[in-house]
Amino acid sequence: MFRDWGVVGQGSRLRRSGPLVAPVVWGGLAVAWRVWCPLAREPGLPMRVATSVVFLTVGIGLLLGVRGGLVRELARVRAVAEAAQQVLLRPPAARIDGLAVAAGQLSAARGAVVGGDLYEAVATPYGVRIVIGDVRGHGLAALGTVVALLGSFREAAHDEAELADVLRRLERALGRHLCERAREEHPVAEEFATLLLLEIGPDGELRILDCGHPGPYRIGGRRVEPVPVGDPLPPLGSFPLPSDLVPYAAPRLLPGETLVLHTDGAEEARDHRGRFFPLPAVLAGAAREAPAELVRQVHTALLRHTGGRLADDVALLAVRNDRVRVPAQPAEPGLRRTRPTPSPH
């Protein structure tokens, strides 16, 4: 369909200026009345009061018109930001290959719905692969890096058989992004991302590659304990990855257990007295909840602890192993194997 974009843009400008038409007309009439109307120039208190009322009314109308236009413009911007979040940090499927999954983010930038944290969980032929990361900075300035890393992960997670090769793809994607920024900005501020890659195999095997990111927590019953991640690698983008990358094999995620991955904004959040947020204790209190409710309760506790004033973005991703281990069944009596009777010859 053909569109005249000049006409479309002109129509958009007219819609934005619509709320100002009535106040401007009132203002013109008030000025004309004050300049050309003989009554307005007559001395005396009543005329001065009437003139003041007219101009006060016009001023209030102008303020209300501008405010209404700004409120509508802010609503449009927030709608665009929310749409961008649905594309960048789309909510993971509630169930992925027998795992219950939920995730959510709180942005430190006031009024923002996107920030510098990232997460994703996908089912691949090699297991369920999960990434969670924290880009240096927060708000709109970090969005370009988030886009580069998430786009690369969503392809590499399916293409690469080895978890180490997925991480190398992310490193190359970040390097390309920083080179493109270097051509546009002179100089480019140092930028890096902490990152944790995790793979859950069919039997709950855990393989982890950690680039300077906080390790996850494991919840079993009401027991909450940190998951070992091995020797951490440097944050992505700060130093080249070593030539030999071997994922750390953590203890298996048993049926009924939950993993909670998070960014450092969760554990480093402080209240007005400077006390850190007690993430393990909050997880223990929500241990029996489903992943979606667990994420919601942690977010609520975080906002209560900080009084709604977060110093950093916070991302959480919870995954519970809902796979049922089926015990080996004995063979039916009629189908039992019998040793062949030796021949007499």
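This short talk goes through a sheet, the helix packed on it and two nonpolar cores.

Please keep in mind that this is a predicted model, in which local features need pLDDT of at least 70 and side-chain atom pairs count only at pLDDT 80 or more, while totals for chains, interfaces and linings use all residues. Residues are numbered from 1 along each chain as its sequence is written, and side-chain values use heavy atoms, with hydrogens and water left out.

I begin with the sheet, which is open and antiparallel, with six strands in the order β1-β2-β11-β10-β7-β8; strands here are DSSP runs of E of at least two residues, and helices runs of H or I of at least four, numbered from the N terminus, and two strands pair if DSSP finds at least two bridges between them. Because β1 (95–96) and β8 (223–226) are at the edges with a single partner strand each, one side of each has no neighbour in the sheet. Helix α7, residues 291–306, packs on this sheet and touches β2, β7, β10 and β11, where contact means heavy atoms within 4.5 Å.

Turning to the interior, the largest nonpolar core has 27 residues, a core being a set of buried Ala, Val, Leu, Ile, Met, Phe, Trp, Tyr and Cys residues joined through side-chain atoms within 4.5 Å, and buried meaning under 20% relative accessible area with a 1.4 Å probe, protein chains only. The largest share of this core, seven residues, comes from α4. Leu236 is among the residues with the most contacts inside the core, and, leaving aside neighbours within four places in sequence, Leu236 touches residues including Leu149, Leu167 and Leu195. Apart from this core lies another, of 23 residues, among them Leu302 and Val314.

How values were computed
Axes are lines fitted to C-alpha atoms, for helices over the stretch in contact, and angles run from 0 to 180 degrees between N-to-C directions. Buried means under 20% relative accessible area, exposed over 50%, partly exposed in between (1.4 Å probe, protein chains only).
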